[in-house]
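Visitor: Please take me slowly through a part of this structure, starting from a single residue and working outward to what surrounds it. I am in my first year, so I would like each step of the reasoning spelled out.

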Amino acid sequence: MYSNTISPSRSQRAFRALRVALSRRTSGRVFAFGLRCAFACGLSAVICCVPTQAQDDPFAPAAGTPKARSTAKAPTSADRVEEKDAAVLGLRQSNLSTPQQWTNAVKVTLDIGRPDEASTYLQKLIDAKLDDDALAALRAKFGSDFFLRLSRAEKLSAEERAFGTTVLEASQRVAQDPTRLAALIPQLAAPGVEARAAAVGSIALAGRMAVNPLLQVLRDPAQAEMHPAVRQMLVKLGREAVDPLLAAMQSEEPELRVQLYEVVSRLQSERAVGYLLRPALSDAANNTGDPQRDISDAERTAASEAVI
């Protein structure tokens, strides 16, 4: 605070001493003494007018003294804003303990834009070290598109993205296993629609690796009842089946070639046209008598119908 007035008592004493000295007209010594007293009292009063810094806190550091370094600790995870997302809270409070439950939690948290929460469940899946069959089961449950998306999620770590790729690769290995394919092919002619659909989906995952096992069934007359379903499966494989089928059409197996003409025709591959025109335009007069190489009437008819 600042003092803007002179103390009345001091100023009065100063002027009183001056008046006394003048009125008495004493000797020079007395007069000088009075002047000195008046000057001293006046100086003291003036000093009181000088502004001084307020000292509200007697323990505050002096001016120019550097402030003490703050000892406050950085906020910890406990100080963060409390989670309020209902989906996140619901997952946290659930007793998730299986790979399918963890994978579903990953899907949910990614869908709501919470890769930080997805990482928690992905780490559980990684630590579980699932075998190929378990990984393939996850792909069958959640689909290839989800794991492809997972493998490209930029906000996840490299290890977490790699899990998506691991699932797809494991599914491919399982799908292409010859023993497994051999067990699936009979299901193509199963009485139940769901069983047939499941078999088609599983065999399709094997891609071109499923072609040779399917051709083995077409070669076997004892499995003739399976032939229509197998031909339909080859068509469903699409472009991946074209190269193996064209190679098989050059085999010395007339019965197999007849069935393949229909398949490649339905695939509508331009590359197959030449393989169909030769038998379709062949002349029986050119046959050599070799049943394995000659074009039979059945084969010529099948090729002609395929071209049309």
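Guide: Let us start with Leu168, which has a relative accessibility of 23% and therefore counts as partly exposed, since that class lies between the buried residues, under 20%, and the exposed ones, over 50%. Please keep in mind throughout that this is a predicted model.

Leu168 is found in helix α8, and its C-alpha atom lies 8.1 Å from that of Leu135, although 33 residues separate Leu168 and Leu135 in sequence. Helix α8, which covers residues 158-175, also has helix α5, residues 115-128, beside it: the axes of these two helices come within 10 Å and cross at roughly 60 degrees. An angle under 35 degrees would count as roughly parallel and one from 65 to 115 degrees as roughly perpendicular, and α5 and α8 are therefore described as oblique to each other. The crossing in which α5 passes α8 is left-handed.

From α5 we can follow the chain in two directions. Beyond its last residue comes the loop between α5 and α6, and Lys129 lies in that loop. The backbone of Lys129 is worth a look, as its phi is positive, about 50 degrees, although Lys129 is not a glycine. With a relative accessibility of 71%, Lys129 counts as exposed. A comparable case is Gln268, another residue other than glycine with a positive phi, in this case near 55 degrees. Gln268 is found in the loop between α14 and α15, and because its relative accessible area is 71%, Gln268 is exposed.

At the other end of α5 we come to charged side chains. Side chains of opposite charge can pair when their charged atoms come close. Glu117 and Arg114 meet in such a salt bridge, with a distance of 3.9 Å from N to O, which falls inside the 4 Å limit used for calling a salt bridge. Both Glu117 and Arg114 are buried.

A second pair, elsewhere in the chain, is made by Arg231 and Glu262, whose closest N and O atoms are 3.2 Å apart. Arg231 lies in helix α12, residues 227-237, and Glu262 in helix α14, residues 254-267, so this salt bridge ties together parts that are 31 residues apart in sequence. The two partners fall into separate classes of accessibility: Arg231, at 15%, counts as buried, whereas Glu262, at 35%, counts as partly exposed.

A third salt bridge joins Arg271 and Asp243, at 2.5 Å from N to O. Here Arg271 belongs to the loop between α14 and α15 and Asp243 to helix α13, residues 242-248, so the pair ties together parts 28 residues apart in sequence. Arg271 counts as exposed because its relative accessibility is 51%, while Asp243, at 34%, counts as partly exposed. Salt bridges can also share partners, and in this way Glu83, Arg92, Arg114, Asp116 and Glu117 are joined into one network. The count for the model comes to 14 salt bridges.

Helix α12, which holds Arg231, has a packing partner as well: α12 and helix α10, residues 193-204, pack at an angle of about 45 degrees, and their axes are 10 Å apart. That angle again belongs to neither the parallel nor the perpendicular class, and α10 and α12 are therefore oblique to each other. The crossing of α10 and α12 is right-handed, in contrast to the left-handed one of α5 and α8.

Glu262 leads us on to the last stop, for its C-alpha atom is separated by 9.2 Å from that of Val307, a residue 45 positions away along the chain. Val307 lies in helix α16, residues 297-307, and its relative accessibility of 41% means that Val307 counts as partly exposed. Together with Val273, Leu277 and Leu281, Val307 makes a nonpolar surface patch of about 350 Å². Helix α15, residues 273-281, gives the most to this patch, with three residues. Leu281 is found in that helix, and because its relative accessible area is 67%, Leu281 is exposed.

Conventions. Residues are numbered from 1 along each chain as its sequence is written. This is a predicted model: local features need pLDDT of at least 70, side-chain atom pairs count only at pLDDT 80 or more; totals for chains, interfaces and linings use all residues. Side-chain values use heavy atoms; hydrogens and water are left out. Patches are made of residues with over 30% relative accessible area and no salt bridge: like charges are joined within 9 Å, nonpolar side chains (Val, Leu, Ile, Met, Phe, Trp, Tyr) within 5 Å. Accessible areas come from the Shrake-Rupley method with a 1.4 Å probe; for residues, only the protein chains shown count as cover. A salt bridge is a side-chain nitrogen of Lys or Arg within 4 Å of a carboxyl oxygen of Asp or Glu. Helices (H or I, at least four residues) and strands (E, at least two) are DSSP runs, numbered from the N terminus. Buried means under 20% relative accessible area, exposed over 50%, partly exposed in between (1.4 Å probe, protein chains only). Axes are lines fitted to C-alpha atoms, for helices over the stretch in contact, and angles run from 0 to 180 degrees between N-to-C directions. Angles under 35 degrees count as roughly parallel, over 145 as roughly antiparallel, 65 to 115 as roughly perpendicular and the rest as oblique. A crossing is left-handed if the near helix is turned anticlockwise from the far one by less than a right angle, and right-handed if clockwise.
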